[in-house]
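Here's an informal walk through a few local features of this model. Have the coordinates open while you read.

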Amino acid sequence: MRTYTAKLLKNDSDPVDICIEQDGKKKHMWGKFGPRKETDLSESINQDTIPLLIGSGLGIAAEILAQKKDRPILILDCETPIIKETGLKEKFKSYQNIIWITTSSPLSAARHINDLENNFKKKIQLLKIPFYQRLSSFYTNVEKLLLEQSRQKAEFDCWPKFQNEFPRILLLTSQYFLMGEIVSACQRQSIPHMFINMDAKEMDLEIFVRRISAAIKTFKPDFVLTVNHLGVDQEGVLNSLLQQFDLPLASWFVDNPMLILPLYKGQADSNTTIFTWDTDRMDSLSDMGFENIFHLPLGTDQTRFIPSGGCNKSQWARDISFVGNSMVYKTSRKREAARLTGALDEQWEKIAHRFGKESEQSVFNFLKTDFPNLLPHYEELKSPFRKLSFETLIIWQATLEYRLSCLKKTLSFYPLIVGDDGWKKILPETSSWEYHKELSYYNDLPQFYPCSKINFNCTSQQMKGAVNQRVFDVPACNGFILTDHRDQIETLFEPDKEIVIYRSQDEIPTLIDKYLNDGNARKSIIKAARKRILAEHTYDSRIETLIACMRQVYG
């Protein structure tokens with residue numbers, strides 16, 4: 001951190017120079033003829049560009065340039081002592097076309113400047129006050145980054161996208177299981193793709209930029225694809241990089257985007273297309289500013305979830321089973337993250353209970369209508385992270401209560417419940433159910449599902465209208481599923497022919513009894529469901545749809 005004092009030198013009342021004292025040495029910004037030199041600097045601007053002043057100096061150049069009201073003026077200046085002494089921020093506060101850039105990070109400054117250049121759709125011209133570059137390497141580093149960005153942009157601006165039958169896809173991160181299915185689907189369809197693992201939670205920004213830039217320049221993709229925005233930074237560095245390369249981003253949400261995207265405010269632009277598994281989220285995404293939004297449900301990997309000729313592991317053979325998380329530990333972790341106090345801490349369980357009974361998708365909107373007196377307490381959480389943790393807590397607790405109440409309806413049929421040991425904490429300790437520890441999604445579940453006459457399903461409360469993964473996976477490997485009604489399920493399957501649905505919890509015992517005793521009906525429904533899934537609901541078909549949508553928007 002630079003420490004020095006600054007003094008504005010005047011002739012009569014006019015500023016003529018700035019003197020700083022650092023480590024016992026005095027240095028002048030201009031020496032003789034400071035005002036004339038700043039005037040000359042202002043006259044060197046190309047009229048078709050946006051001036052970027054490296055340093056605010058005496059403010060003379062800025063004031064001259066700002067007279068052209070329809071052109072923005074950018075000023076990069078992090079020198080608090082100089083700005084305080086000159087009083088230029090106060091002097092220029094009424095100038096709507098002057099934009100100050102005062103970040104202390106060279107990369108953040110360069111990114112901000114590049115974003116502004118993209119927004120204004122004009123080239124930026126650097127007007128450098130030499131003193132600032134002598135004062136700190138910060139300014140030369142920003143200049144180097146801007147030159148590199150300009151070089152990259154010039155190199156790739158003319159690079160055409162979506163020119164071939166199969167686009168080239170750059171896949172980001174592997175933290176979510178679905179990326180494996182996407183990679184496999186691309187391989188099966190000979191879609192050119194490159195996978196770059198950005199799993200490190202903390203990565204130096206310059207390393208991040210270098211890795212992404214190198215991948216883009218090497219592979220030359222048509223677009224970038226990620227799941228649940230993983231690999232996208234909250235500061236907007238990736239977004240800025242992709243704009244430089246004129247590369248669109250596709251983000252496929254298979255969890256609630258409203259519990260993720262509020263941390264990425266300001267990144268809703270035409271360069272990003274959102275795919276959501278839940279149509280109920282589309283209006284909220286539009287309200288956030290996203291222009292390109294498509295519905296893309298979950299599906300199955302038909303090469304993993306394949307019929308195995310029946311149950312191959314007798315220890316798993318059951319009349320009825322359920323696979324799912326109890327939400328006990330997830331809820332506890334979100335409560336800790338939210339750090340609730342006062343009324344919210346006292347009433348969060350009551351809020352969750354009521355939320356689970358209503359059709360409202362948004363916790364925030366639910367608070368406004370049903371608990372308006374708690375809104376000030378919600379706002380007191382202040383940070384977006386704590387607010388989202390609270391909203392997630394409500395959804396997870398509502399899910400816990402919902403799943404528990406549904407499963408209690410199955411206890412007379414002695415179900416096998418597979419999941420975390422939180423189930424032991426919330427289900428009665430009786431001989432009416434059996435516990436099994438969590439199973440591997442890839443290695444175990446394709447063999448497990450066919451071992452139950454009925455695979456019972458109750459969906460998370462984060463999706464009150466959409467369907468989950470099991471609806472596709474279970475029939476794909478010749479398993480029978482009994483699932484709860486969701487509004488969007490009827491666009492995917494034909495009820496009673498391809499899927500069996502309970503619309504109220506009171507129906508659960510009757511339907512279980514019916515299908516346990518009607519093997520032919522189970523086989524008929526499994527056959528019809530599997531035929532529909534292989535025709536329409538594989539990840540191969542999902543990737544085809546995603547590509548078609550990206551081509552429609554950016555081709």
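D280 is partly exposed because its relative accessibility is 33%; buried means under 20% relative accessible area, exposed over 50%, and partly exposed in between, with a 1.4 Å probe and protein chains only. Keep in mind that this is a predicted model, where local features need pLDDT of at least 70, side-chain atom pairs count only at pLDDT 80 or more, and totals for chains, interfaces and linings use all residues. Residues are numbered from 1 along each chain as its sequence is written, and side-chain values use heavy atoms, with hydrogens and water left out.

D280 sits in the loop between β12 (272-276) and α11 (282-287). Helices (H or I, at least four residues) and strands (E, at least two) are DSSP runs, numbered from the N terminus. Together with D283, D287 and D487, D280 forms a negative surface patch. Such patches take residues with over 30% relative accessible area and no salt bridge, joining like charges within 9 Å and nonpolar side chains (Val, Leu, Ile, Met, Phe, Trp, Tyr) within 5 Å. A salt bridge here is a side-chain nitrogen of Lys or Arg within 4 Å of a carboxyl oxygen of Asp or Glu. Asp and Glu count as negative, Lys and Arg as positive, and His and the chain ends aren't counted. The charge is placed at CG of Asp, CD of Glu, NZ of Lys or CZ of Arg. Areas come from the Shrake-Rupley method with a 1.4 Å probe.

Now for T276, which belongs to strand β12. With 0% relative accessibility, T276 counts as buried. Leaving out residues up to four places away in sequence, T276 touches F253, R281, M282, L285, I293, F294, H295 and L296, where contact means heavy atoms within 4.5 Å. The C-alpha atoms of T276 and T538 are 16 Å apart, with these positions 262 residues apart along the chain.

Next up is helix α12 (residues 328-338), in which V328, T331, A337 and A338 are buried. The cover over the buried residues of α12 includes α13 (342-357), α16 (384-408) and α17 (423-426). Right after α12 comes R339, with a positive phi near 50°.

Two other residues also have backbone angles worth a look:

| Residue | Phi | Location | Relative accessibility |
|---|---|---|---|
| F162 | about 55° | loop between α7 (137-156) and β8 (169-172) | 7%, buried |
| M327 | near 70° | loop between β14 (318-323) and α12 | 3%, buried |

F162 isn't a glycine, yet its phi is positive. M327 is likewise a residue other than glycine with a positive phi.
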